[in-house]
Amino acid sequence: MALRSFAWWFVIGSLLTLAILMVQGGVRDLWDGTHQDRNMNVFMYFGTTLFGGGLFAGCVALVMNRIR
């Protein structure tokens with residue numbers, strides 16, 4: 001049950017993080033591929049940010065489930 005809850009909130013957290021990035025002008029960055037560091041791919045920046053958002057939401061869900 002805990003793994004299913006974590007997975008659900010991980011996906012929701014990643015999608016919410018993606019929505020925030022897109023609102024902040026991430027669409028332009030994603031399509032143009034322009035970023036401060038030319039050596040690193042822009043998808044790597046998006047991927048690590050989405051992973052972090054999902055991990056945060058999943059961990060908060062596990063903690064809240066444990067408290068309840």
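Nonpolar patches are made of residues with over 30% relative accessible area and no salt bridge, their side chains being joined within 5 Å. One such patch lies on the surface of this predicted model. The patch is formed by F56, V60, V63, M64 and I67. Together these residues have about 530 Å² of accessible area. F56 belongs to helix α2, which runs over residues 42-67. F56 counts as exposed because its relative accessibility is 60%, and the cut-off for that class is over 50%.

The overall fold can be stated briefly. The protein chain has 2 helices and 0 strands. Of its 68 residues, 19% count as buried. The chain exposes about 5300 Å². Carbon and sulfur atoms supply 70% of that area. Contacts between residues at least 6 apart in sequence were also examined. Of these contacts, 72% join residues at least 24 apart.

Helix α2 was then checked for its length. The helix has 26 residues. At 1.5 Å a residue, the expected span is 38 Å. The end C-alpha atoms of α2 are 38 Å apart, so the model agrees with the expected value. The buried residues of this helix are V42, F46, G53, G54, A57, G58 and A61.

Several residues show how the two helices meet. T17 sits in helix α1, which covers residues 2-32. T17 has a relative accessible area of 16%. Buried means under 20%, so T17 falls in that class. Leaving aside residues up to four places away in sequence, T17 touches T49, L50 and G53. G53 is itself among the buried residues of α2.

I12 is also in helix α1. Its relative accessible area is 22%, so I12 is partly exposed. I12 and A57 are 45 residues apart in sequence. In space, their C-alpha atoms are 7.6 Å apart. A57 is one of the buried residues of α2.

Another pair involves R66, a residue of helix α2. R66 is exposed, because its relative accessible area is 75%. R66 and A2 are 64 residues apart along the chain. Their C-alpha atoms are separated by 9.3 Å.

Aromatic rings were considered next. A pair of aromatic rings is described by the distance of the centres and the angle of the planes. A search of the whole structure finds 2 aromatic pairs. In one of them, the rings of F6 and F10 have their centres 6.0 Å apart. Their planes meet at 35 degrees, so this pair is tilted. F6 and F10 are 4 residues apart in helix α1, which means that about one helical turn separates them. An α-helix has 3.6 residues a turn, so residues three or four places apart point the same way.

F10 also pairs with F51. Here the centres are 5.8 Å apart and the planes lie at 70 degrees, an edge-to-face arrangement. This pair links distant parts of the chain, with F10 in helix α1 and F51 in helix α2. The two residues are 41 residues apart. F51 counts as partly exposed because its relative accessibility is 48%. F6, F10 and F51 form one aromatic cluster.

Conventions
Residues numbered from 1 in each chain as written. Predicted model: local features only at pLDDT ≥ 70, side-chain atom pairs only at ≥ 80, totals over all residues. Heavy atoms only, no water. Buried < 20%, exposed > 50% of the residue type's maximum accessible area, 1.4 Å probe, protein only. Contact = heavy atoms within 4.5 Å. Areas by Shrake-Rupley, 256 points an atom, 1.4 Å probe, with all protein chains shown as cover. Patch = residues over 30% accessible without salt bridge, like charges linked within 9 Å, V, L, I, M, F, W, Y side chains within 5 Å. Salt bridge = Lys/Arg side-chain N within 4 Å of Asp/Glu carboxyl O. Phe/Tyr/Trp six-rings, centres within 6.5 Å; stacked < 30°, edge-to-face > 60°. Expected span 1.5 Å × (residues − 1).
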